[in-house]
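Here's a quick back-and-forth about how the labels on a structure get assigned. Have a look at it first, then we'll take the calls one at a time.

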Amino acid sequence: MTRRVALMGNPNVGKSTIFNGLTRLRQHTGNWAGVTVSCAVGQFSYGGQDFSAVDLPGIYSFDTRSAEEELTKDFILNEDYDFLLVVCDATCLERGLYLLSQAAGLLEHREEAGPMPQAVLCVNLCDEAEKKGIRIDFKALERSLGIPVTPCCGRTAKGLLTLKKLLASLAASCPCACASCSLGSPYRRLPSAFSPKDLAAQAVTYTKEHYRKREERLDRILTGPFTGTAVMVLLLLGIFWLTITGANYPSSMLWDLFFSLEPRLAETALSIGLPQWFIDMAVFGVYRVVAWIVSVMLPPMAIFFPLFTLLEDLGYLPRAAFNMDGAFHKCSACGKQCLTMAMGLGCNAAGVVGCRIIDSPRERLIAILTNSLMPCNGRFPLLLTMIALLGAGGGVWAGLPMENPVLSSLLTALVLTLFILAAILATLGASFLLSRTLLKGVPSSFTLELPPYRRPQPGKVIVRSIFDRTLFVLGRAVAVAAPAGLVIWLLANLTVGGESLLMHIAGFLDPLGTLMGLDGIILMAFILGFPANEIVLPIILMAYLQSGVLAPMDDKTAILSLLSANGWTVKTTVCMAVFSLFHWPCSTTCLTIKKETGSLKWTAVSILLPTGIGVLLCILVNLVF
């Protein structure tokens, strides 16, 4: 018989860490009908007992103001489960006990529905409590509550074995593992009414009077009106610099590996009798596009996502949201949108899914529609190339010693940071415009907890960011890159009237491109780059060279010569950088927006909004230069 365990607790108490420690890799995502919130579901065994665990969303109360609270309340009242494992923070026990008291009231309504589940209190983060001089009398707490209470430290797995033993013992002592019969169990059901406050006062003692002094000093810096913004910009600059510098070497290695395999694949295909047109299409069309995207996209993501996850684990991201809350409030939007914007820097599709943390449907929709104004990781290579070309062409970096690689990468990161700041301003402006037109309304209030600063665990950060984010995003990019490679090859090699379909499309788009300071080939490349932004520049080079296949060119000087020969100037490069920053979201993001909003209308708005901004800015730059 498999016993079902429901994990419940406040946000940032380490509930999911305990869930991961119990189930390890035996878990999957579960979706409940009628809600947009997902829950992790996993299995574990101990002492001959099998368990199925459900990681419910973190909530502060059961007021049902959000989808997370509604789901958790519905689960507690109506689902079948044997144990309710309530996880609380040892450094803030009173708040966890308050949620436990609310759960006790809900459990009273289950009496007619069937056996009462056995409640278990897991006090997590005991190591942090010890450092701060907070001592908890667990035995006194257990006597007062009448339910099992067990200390734990999920990050180091200390206490997890004891928790498993406790659950197995309770399951073995009762045929249904419920509090109502509890044969042989010393525990009774949770009292329906008790003071959280009184229990915490009885069970908790403080040995350090100023245990939060250092955190308060840090908060004054990280959330100050001026220092908070300065730290945000410096962190952004540092992340971009590390990403740009660190991605060069692995990207070059992957490039050499994949493109050394290309002629071997062609020779092998020819040796088994495949026709030349098929070899060209499959190897120099599909394979080359996929290899290009993986070698360019994987290394920056493998650096950026761990750095982003590191800030998340440190507890900095909620403080960034706190800093941005005032600006978003003035735009009648939600400060939590800052977090979804940060997710969008890695992948806009991930940022759109992350908008679920915003309770207000109106503000959630604003965050979804404006997320693609933040350049995702796929646009970085194109932006970086334009920045490098501006320097090589005697632009904004004229006269600087660009032969210094450290200075070059630092200046590149600085200009990229300025682009990101422009994207943030555009997001605020678009949010203001939407809140005054299509999505009118008053900004809602929300609870934003500033979690304690925690020492990150580099091993877990790397594993989680690579498997949960990097490979997930890369897999989706490759899935759309393969058919895109086929389409690009066909357009470049099928001719009408002696000219390729690619050039016919470019000629049709040329008037609009010229108005924007670009040309028809550039606009066509952006359209064909809809599956993945990494292939925009290769398509442009392929069209200029009229080679019929994507042309790998590593030499920036050779690229500049080719672009100059086709009419590029500094103005063209600036307009190209602007349109790289503001244009339609990729195909994966569009599909995600359609899924999250359930509306083709709002998906169309999410495409038209950034594209309109980009077109207007490019026309303005073209007229001013």
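Q: Before the rest, what does Ile540 touch once its neighbours within four places in sequence are left aside?

A: This is a predicted model, and in it Ile540 is in contact with Ile521, Ile522, Ala525, Leu563 and Met576. Contact here means heavy atoms within 4.5 Å. There's a second core too, apart from the one Ile540 belongs to: that other core has 39 residues, among them Ala6, Leu56, Leu141 and Leu199.

Q: Which residues touch the most other members of the largest nonpolar core?

A: That core has 114 residues, and the ones touching the most other members are Met524, Ile539, Ile540, Met576 and Phe579. As for helices, H10 (residues 276–314) gives the most to this core, with 15 residues.

Q: What makes helix H20 (residues 536–545) count as largely enclosed by the rest of the structure?

A: Buried means under 20% relative accessible area. Nine of the 10 residues of H20 are buried, so the helix is largely enclosed. The buried ones are Val536, Leu537, Pro538, Ile539, Ile540, Leu541, Met542, Ala543 and Tyr544. Just after H20, Gln546 takes a positive phi of about 50 degrees.

Q: Why are H5 (residues 138–145) and H7 (residues 196–203) called roughly antiparallel?

A: Their axes cross at roughly 150 degrees and come within 9 Å. Angles over 145 degrees count as roughly antiparallel, and therefore H5 and H7 get that label. Their crossing is right-handed. In residue terms, Leu141, Ser144 and Leu145 in H5 meet Leu199, Gln202 and Ala203 in H7.

Q: How do you know which label suits H10 and H12 (residues 337–346), roughly parallel or roughly antiparallel?

A: The axes of H10 and H12 come within 9 Å and cross at roughly 160 degrees. That makes H10 roughly antiparallel to H12, because the cut-off is over 145 degrees. Where they meet, Phe304, Phe305 and Phe308 are on the H10 side, with Ala342, Met343, Leu345 and Gly346 on the H12 side.

Q: Why is Cys376 not counted in a disulfide?

A: The nearest cysteine sulfur, that of Cys586, is 5.9 Å away. A disulfide needs a pair of cysteine sulfur atoms within 2.5 Å, so this pair doesn't qualify. Looking from the other end, Cys586 is in no disulfide either, with the sulfur of Cys376 as its nearest. The total count comes to zero disulfides.

Q: Are Cys376 and Cys586 buried or exposed?

A: Set both against the under-20% cut-off for buried. Cys376 has 9% relative accessibility, so it counts as buried. Cys586 has 16%, so it counts as buried as well.

Q: What makes the phi of Leu125 worth a remark?

A: Most residues other than glycine have a negative phi. Leu125 has a phi near 60 degrees, a positive value in a residue other than glycine. Its place is in the loop between strand S6 (118–124) and helix H4 (126–131). At 3% relative accessibility, Leu125 counts as buried.

Q: Why does Ala157 count as partly exposed?

A: Partly exposed covers what falls between under 20% (buried) and over 50% (exposed). Ala157 has 42% relative accessibility, so partly exposed is the call. Ala157 lies in the loop between strand S8 (149–151) and helix H6 (160–173), and its phi is near 70 degrees, another positive value in a residue other than glycine.

How values were computed
Residues are numbered from 1 along each chain as its sequence is written. This is a predicted model: local features need pLDDT of at least 70, side-chain atom pairs count only at pLDDT 80 or more; totals for chains, interfaces and linings use all residues. Side-chain values use heavy atoms; hydrogens and water are left out. A nonpolar core is a set of buried Ala, Val, Leu, Ile, Met, Phe, Trp, Tyr and Cys residues joined through side-chain atoms within 4.5 Å. Buried means under 20% relative accessible area, exposed over 50%, partly exposed in between (1.4 Å probe, protein chains only). Helices (H or I, at least four residues) and strands (E, at least two) are DSSP runs, numbered from the N terminus. Axes are lines fitted to C-alpha atoms, for helices over the stretch in contact, and angles run from 0 to 180 degrees between N-to-C directions. Angles under 35 degrees count as roughly parallel, over 145 as roughly antiparallel, 65 to 115 as roughly perpendicular and the rest as oblique. A crossing is left-handed if the near helix is turned anticlockwise from the far one by less than a right angle, and right-handed if clockwise.
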